[in-house]
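Me: I'd like to learn how to read a fold from its coordinates. Could you walk me through this one, feature by feature?

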Amino acid sequence: LLLEELLVLGEEEAVVSTQSTGGQDGRMLPLQDHVGFDSLPDQLVNKCVNLGFDMNILCVGETGIGKSTLMDCLFKADFDDEIHTHLQPGVEVSQRVYGLKEGNVKLKLTLVDSVGYGDQINKENSFDPLVDYIDEQFESYLQEELKIKRNLVTFHDTRIHVCLYFLVPTGHSIRSLDLVTMKALDKKCNIIPIIAKSDTVSKSELDSFKANIMEELQNNGVEIYTFPTDDDTVSEVNREMNDMMPFAVVGSREDVKIGEGVLVRGREYPWGVVEIENEQHCDFVKLREMLIRTNMEDLREVTHKRHYEMYRRGKLKQMGIADDGAHGPVSLQETYEQKRAEHLKELKTIENEMRSSYLQKVSRKDAEVKKKLNEMQVRYDNLRKNANEEREKLEEEKKKVVCYAFLESPLPSIRYN
């Protein structure tokens, strides 16, 4: 009876304990007075502001299409970019790091340029240097994560957060090179297609060109970045901007006078002025709003949670690390021991193969040496036999010559006294 009462009491206490916790999230309790943990968001903001932020942009497009000019316009700075020609033997990746500050916010900006892209006659595998560069940045971050003493807070994160792909304004359709390159990059970074120098195409041609680009990208399975619509504060504007992709932009480093001496950033033509910040002329303002002012953090988050996570998962699977024990060991120690055993086994196999190959070579060489020795011995015996026969012949000839000389010589005269 006492045992049954204790069991019943334990069950009642368990029920009370479960009810008091209120499930996984706990039971909400009212506070009697101000505590102070409502300042956590401010603490987080202050910490982020003090540490600063990283933003890495990859610009892909042929030489002279306006990549550097657009970067100057986006960040309203004069980046000291090197002038490149169309004579590059291959595609190279150029990386430049700048420190920017707006108000109290510090931004470490990394601009990555595809030097020589699209300038070669043979454009096959032109995207390989770009893919290799992105993978190198992922690998660098992964190696920092796997360190025993890691410091990701101050680590310079160079992973590509967004790829601005500059399309040539043909006005008709997208080039096959652009399709192949974007297909190779869409699983590794956030791609935002851009129609460069859109002032060279008429308005009607531009609308048709945009529709053709999106149709071809969809038909070929190319995944481009879409602005998030799950946040109610920006869902409506992001949805509108998604429908306007790709952005048609114009860049300029010059200020042009319009009207009554008003200076604007734009390009002057005999027929008029194209203002880059006029939404009636191009989509530059929309691009800047979406890329920098609204969705910069989402680009960084998608890079970390989607693209880098896919790379990290693949690398860890190659190392034999799994989430459960069904497909392999879980802990790093077990993985190390398994990999060490596999490596030693592989070395043992290689050693046995090398030993067997060495013994076979020695055996073949020994057989060849013995064969050569036998041939030399036979040759020596033949030469010796021939020499003896020649010697015997010479001896016989010598005897014949001596006898002949003796018979031919006159007998000495004998005198008798």
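Me: Let's begin with the core. Which residues have the most contacts inside the largest nonpolar core?

Reply: In soluble globular proteins, nonpolar side chains tend to be buried together. In this predicted model, the largest nonpolar core has 74 residues, and Ile57, Leu164 and Ile192 have the most contacts inside it. Helix H4 (residues 128-146) gives the largest share of this core, seven residues.

Me: Which residues is Ile57 in contact with, beyond its neighbours within four places in sequence?

Reply: The list includes Met71, Phe75, Leu109 and Leu111. Also among the contacts of Ile57 are Val162 and Leu164. Val162 is, moreover, the bridge partner of Ile57 in strand S4.

Me: Now the strands. How do I read the order of the six-stranded open sheet?

Reply: Read the order as a row of neighbours: S2-S3-S1-S4-S5-S6, with mixed pairing. Strand S2 (92-102) and strand S6 (247-248) stand at the edges with a single partner strand each, so one side of each has no neighbour in the sheet.

Me: What does S1 pair with, and in which sense?

Reply: S1 and strand S3 (residues 105-115) pair in the parallel sense over seven bridges. Towards strand S4 (residues 162-167), S1 has four bridges, and these two strands also run parallel. To find the register with S3, look for Phe53 opposite Leu107 and Cys59 opposite Asp113.

Me: Is strand S1 mostly covered or mostly open?

Reply: Mostly covered: S1 (residues 53-60) has eight residues, and seven of them are buried.

Me: Which helix lies across S4, S5 and S6?

Reply: That is helix H6 (residues 203-219), and its direction makes an angle of about 155° with strand S5 (191-195).

Me: What about the other sheet, the one with three strands?

Reply: This open sheet has the order S7-S8-S9 and antiparallel pairing. Its edge strands, strand S7 (255-258) and strand S9 (272-275), each pair on one side only. Neighbouring strands here are turned by 70° against each other on average, direction ignored. Strand S8 (residues 262-269) is joined to S9 by four bridges, and Tyr269 stands opposite Gly272.

Me: Helix packing next. At what angle do H4 and H9 cross?

Reply: Look at the approach of the axes together with the angle: H4 and H9 come within 10 Å and cross at roughly 75°. Angles of 65 to 115 degrees count as roughly perpendicular, which means H4 is roughly perpendicular to H9. On the H4 side, the contact includes Asp135, Phe138 and Tyr141. On the H9 side, His304, Tyr308 and Arg312 are among the residues involved.

Me: Glu301 is in H9 too. Why does Glu301 count as partly exposed?

Reply: Glu301 counts as partly exposed because its relative accessibility is 35%, and that class lies between under 20% for buried and over 50% for exposed. Glu301 also shows how sequence distance and spatial distance can be read side by side: His161 is 140 residues apart from Glu301 along the chain, with 8.5 Å between their C-alpha atoms.

Me: Finally, how should I read the confidence, and where is the pLDDT below 50?

Reply: Take the overall value before the local one. The chain averages a pLDDT of 83, and 88% of the residues score at least 70. Over residues 1-20 the pLDDT is below 50, and that stretch has three contacts in the model beyond near neighbours in sequence.

Conventions: Residues are numbered from 1 along each chain as its sequence is written. This is a predicted model: local features need pLDDT of at least 70, side-chain atom pairs count only at pLDDT 80 or more; totals for chains, interfaces and linings use all residues. Side-chain values use heavy atoms; hydrogens and water are left out. Buried means under 20% relative accessible area, exposed over 50%, partly exposed in between (1.4 Å probe, protein chains only). Two strands pair if DSSP finds at least two bridges between them. pLDDT is the predictor's confidence in each residue, from 0 to 100. Contact means heavy atoms within 4.5 Å. A nonpolar core is a set of buried Ala, Val, Leu, Ile, Met, Phe, Trp, Tyr and Cys residues joined through side-chain atoms within 4.5 Å. Axes are lines fitted to C-alpha atoms, for helices over the stretch in contact, and angles run from 0 to 180 degrees between N-to-C directions. Angles under 35 degrees count as roughly parallel, over 145 as roughly antiparallel, 65 to 115 as roughly perpendicular and the rest as oblique.
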